[in-house]
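The following note sets out some points on the structure for a colleague's consideration. Each point is a short paragraph and may be read against the coordinates.

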Amino acid sequence: MALLATIESSQSIEQRYYIECLSKDEMAFAMRQFEAMRANNSLIGNFDEDVWSINNESISTNVHFKFNQLAIAHQENTTYDEFVKLVKCYICLCFGKYTAVMYQRITNAISNAVNETNCFTVLPKNVSCLQKIGVADFIGLLPWADDQFIYPLEIKGYDAVRRRSLSEYQSYFLFNDIMNHFWASATDQEKDCFYPLYLWWSISMIIPIRVTEFTVIPKSCLTNKDGKWYITIRRTAMKGNKGISHRYKLDSDYKKYTYEITYKAALDIQDFQERAKKYEPAKIDSLFSDDMFCKTASSVMKAKVQYFYPHMRVSHFYVLLDCFFKYVVRGKFGFNILPLDEVNALDKDGEQHELPQKSIINLNLGDTRHIALQNLLLNGCNLLMAREISGHDTIDMIFHYSGNMENLIKCRAYNLFKLSQDKKHAANTVASLQNGTEEKNLSALIVSRTNTSGIAVDNGTCYSPKFTSNYDATDCYAVGGNCSICCYHKGISDMELLKKQRERDFKNKIARVKIWMNSAKKLKSSEQIMIISENMSTAAENLEAIYLKILEGGGTI
């Protein structure tokens, strides 16, 4: 194996050094890379120290070089000090290839592999430790590299991307209801505390922005032109752009983009900016102050925050999301918070299709980007536009966001049906739960569907108590397996047949997009992209319409 180390990178030229082994010359070049990082103020520390601090102005991470000396003693080709120097040189050769936070993960992965293999002398029972990022490359560069320890990193295709279950999509709708209801009655102190999370939810559900990009939204991000409001955000220049090296500077590693937003979103941002004046501003050009987060988290939720950063970084957003679930979702509204793994384990098929009553899945900050892109595609945004908005290098990267959109369509239909019921009965989903009323809401509706005793069979549903309870086929034997003459069988209605037809049509449209994208054809015109996107959007609208009709008729989807 070999490593391409970046020597110099610019818009017009990319110089790289092809490295096959960590020999004397390569280690000397690694030292020059180390000194260049120090001169750029992107690295603090001496080469011989056990800890280096690497930063990119927005994030700083400590990289530790401590390894198991007993495990390394099994390796006859090196001493402990020599091995540590090899790891340090490898990290230096990777500069520009990864983000700042990745280097500690790489050294952790190497450390774990050393422990599991006695420093690459014994093959481990579980080879996953050799498949972690950076490990295979490092082993391949060792002067005494052994091919039996080199395993290629797993390459995940579109089909390997985790498909979100229906219960997850239902949780997004419930979270939106909870957030809006809480915000309507939140105190000033609570708003100061949770405002970054509120803006994350309202903005990233519309604009598909990564969490790291959201944390570095500029302080002066709002502009008004011809009566319309616009937000300026930073997008990483690294993702989806192979061959571009990290410079570990905001202005180099990010590009600024401007998008139109609603008047309400602009008012929310202005309100947040006004509230933030009571606290120390971020030390970098970021809208979100870490001082504001630390002080409000301590006063509102009694959360102990030990570390202050130049701005409110991703780790503190996760703390805030976790506190919101505990303080608001469970504490104020009494929802049961379910881990995703536990929910998936509840269903015999390995997938939880519908959400248990008064429950919600613990969401991830990165989920909103996925949902925002799916909504763009479902609402007629063509693939070229989706690529531009998401910041991907190719439209092929957009496609995997279309996976499992059928579940999102079901949830949109559920939500539309819920809204129509709310208007009829003047009831609010979360308010009715909080007040203990019997009013039907989204989760109650879902539970009523889940608790039905029927089991789907060919061309209908079986309601045999024996079969549905214990899979006892006695009633099946009585009719010779002919469901159509069985008194416990309910056939598929015309509406159900139409639903299945539209589901097939939607899946076919998705499949055609995938086949077209994976074709060998090099030139794919924008006109073709628009046509195929519009066909997929139309099929989605037709499917949502039939789901809504079934729900309004008292049926299940």
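1. K358 has a relative accessibility of 31%, above the 20% limit for burial but not over 50%, and therefore counts as partly exposed. In this predicted model, K358 sits in the loop that links α13 (340-345) to β10 (359-361). Its phi is near 50 degrees, a positive value in a residue other than glycine. Most residues other than glycine have a negative phi, and the backbone at K358 may accordingly be worth a look in the display.

2. D226 also calls for comment, with a positive phi near 55 degrees in a residue that is not glycine. The loop between β6 (222-225) and β7 (228-236) holds D226. Is D226 buried or exposed? With a relative accessible area of 75%, D226 lies over the 50% cut-off and is therefore exposed.

3. Helix α3 (residues 80-94) has the length expected of it. Its 15 residues should span 21 Å at 1.5 Å a residue, and because the end C-alpha atoms are 21 Å apart, the two values agree. After α3 comes G96, with a positive phi near 95 degrees.

4. The same helix, α3, is mostly covered, with twelve of its 15 residues buried. Among them are the aromatic residues Y80, F83 and Y90, together with C89, C92 and C94. K88 of α3 is also buried, as are V84, L86, V87, I91 and L93.

5. How do α3 and α4 cross? The axes of α3 and helix α4 (residues 102-117) come within 11 Å and cross at roughly 145 degrees. The crossing of α3 past α4 is right-handed. On the α3 side, the contact is made by F83, V87, Y90, I91 and C94; on the α4 side, Y103, I106, T107, I110 and V114 take part. By class, this contact has nine nonpolar residues, one polar residue and no charged residue. The α3 residues F83, V87, Y90, I91 and C94 that make the contact also appear among the buried residues of that helix.

6. Helix α12 (residues 314-330) may be examined in a similar way. Its 17 residues should span 24 Å at 1.5 Å a residue, and the end C-alpha atoms are 23 Å apart, which agrees. Where does α12 bend? A bend of about 30 degrees is found at F324, and F324 is itself buried. Other buried residues of α12 include V314, H316, F317, L320 and L321, and further along the helix C323, F325, V328 and V329 are buried.

7. F34, in helix α1 (residues 24-39), has a relative accessibility of 1%; this is under the 20% cut-off, so F34 counts as buried. Leaving aside residues up to four places away in sequence, F34 touches L43, G45, N46, F47, W52, C92 and F95. One of these, C92, is a buried residue of α3. Between F34 and N46 there are 9.2 Å from C-alpha to C-alpha, and the two are twelve residues apart in sequence.

8. Some overall values may serve as context. The protein has 23 helices and 13 strands. Of its 557 residues, 50% count as buried. Among contacts between residues at least 6 apart in sequence, 65% join residues at least 24 apart.

Methods. Residues numbered from 1 in each chain as written. Predicted model: local features only at pLDDT ≥ 70, side-chain atom pairs only at ≥ 80, totals over all residues. Heavy atoms only, no water. Axes fitted to C-alpha atoms, helices over the stretch in contact; angles between N-to-C directions. Helix = DSSP H or I, 4+ residues; strand = E, 2+ residues; numbered from the N terminus. Left-handed = near helix turned anticlockwise from the far one by under 90°. Contact = heavy atoms within 4.5 Å. Nonpolar A, V, L, I, M, F, W, Y, C, P; charged D, E, K, R; others polar. Expected span 1.5 Å × (residues − 1). Bend = angle between axes of the 7 residues up to and from the residue. Buried < 20%, exposed > 50% of the residue type's maximum accessible area, 1.4 Å probe, protein only.
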